[in-house]
Amino acid sequence: MSQRPGAVGVRIAGTGSAVPERRLTNDDLSKMVDTNDEWIVQRTGIRERRICDPSKEGTFTLNRDALKNALAAANMSGADLDLVIVGTCTQEMNCPSVACRVAGEVGAVGAGAFDVVAACSGFVYSMNIADSLIRSGRFRRIGVCGGDAMSSVIDYQERSVSILFGDAAGAAILVADDNPDRGCIYQQLGSDGRDWSGLYLPRRAAEVPEADRDNPIRLGCLRMNGREVFKFAVTRFRQIIEDSFKATSLTADDMSQIICHQSNIRIIDSAIEKLGLPREKVFVNIDKFGNSSAGSVGLCFDQLWRAGKIPQGKPMMMVAFGGGMTWASGVWNI
Ligand code: COA
């Protein structure tokens, strides 16, 4: 679970993100389904989310654009990368992976490329994997993306899910560094597959669990038991933040930022209150972007990075949970 850094460290050379232009506000949703702005804001903290125009945007374009922006910020080209990883669960196609298409479009021809399916934990999973691969000595420059076009898997007649999700992607360029203490100094990747039916995306009727068979299911659309996921999230979120502090002997005061997956403001607030986290160190953009699944943590990371809020020489933390159920955390020496 926790590792001592080896001979190679990892430096973040640049970050990027991409969101669609189209905004879907709570008032827009209230015209589509029986809900209202007051309920959504109170129960989730969300005011609007970004939604793709499916004629020209989707998971692939969001991740491609996020990676292009990260490469530009790092002053690098796609040809400099030897691996591209994309965390996503809304791939347009199972074959090819989103990562292969993204790598092809940014000019990373010949680089390794694969997708990581860990739902909302996708970006943190991918960052942790990339850090480990660079430390292994086998890769030196990795483009990591996390992004989902959740609008492509949402039933907009279903008010429990349609209010929560939006579309976005975030990316970071990780490069080998001579300082082995730099990079991810602690990470956790976790799952509990016994609870998968709390949040799932069925493609075939045969995969719908017994308990859900009598409910109106649209194949290809996300199914969620909101209350169950809420309970899981509140407990797990707190646990992984506590684990990370304990394993590194660091405290919230040592961190520049603790980036939490933007799932529901009440889940984030519960962690802040129970762990006594300084509010100014827990970035929140859920009001503007909703829950963009694997895009969420990467988008926060890019916004904070560009605002100069993740300074060199100070540790920061990323934490996420999602369908699977999955969870992940990473403490980084920047
Ligand atoms: N608008 C208005 N009313 C709604 C509504 C909506 N969009 N959705 C549900 N309601 C109603 C319910 O029908 C229920 O009415 P009732 O009391 O008359 O039966 C009431 O509001 C409370 O519903 P409940 O499901 O208990 O609400 P909640 O406080 O649990 O909030 C979620 C619902 C989905 C916002 C919340 O459970 C949640 O955020 N869960 C976690 C989801 C998540 O993080 N998923 C992603 C994981 S990565």
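**View 1. Who sits around the ligand.** In this predicted model, 24 residues surround the ligand, counting any residue with a heavy atom within 4 Å of it. Thr35, Arg43, Arg159, Arg227 and Asn264 are the closest. Sorted by class, this shell has 11 nonpolar, eight polar and five charged residues. (Ala, Val, Leu, Ile, Met, Phe, Trp, Tyr, Cys and Pro count as nonpolar, Asp, Glu, Lys and Arg as charged, and the others, Gly among them, as polar.)

**View 2. Side chains reaching the ligand's oxygen atoms.** Take arginine 43: an N or O atom in its side chain is 2.7 Å from an oxygen atom of the ligand. Arginine 227 also has a side-chain N or O atom 2.7 Å from a ligand oxygen. For asparagine 264, a polar side-chain atom lies 2.7 Å from an oxygen atom of the ligand. The protein buries 75% of the 960 Å² that the ligand exposes when taken alone (Shrake-Rupley method, 1.4 Å probe).

**View 3. Helices and a strand around the ligand.** α2 (37-44), α7 (226-248), α8 (265-275) and β12 (315-322) each give two or more residues to the shell. The largest share, four residues, comes from α7. (Helices are DSSP runs of H or I with at least four residues, strands are E runs of at least two, and both are numbered from the N terminus.)

**A note on the views.** Residues are numbered from 1 along each chain as its sequence is written. Local features need pLDDT of at least 70, side-chain atom pairs count only at pLDDT 80 or more, totals for chains, interfaces and linings use all residues, and side-chain values use heavy atoms, with hydrogens and water left out.

Terms used. Polar contact = N/O pair within 3.5 Å; in protein donor to acceptor, adjacent residues only side chain to side chain.
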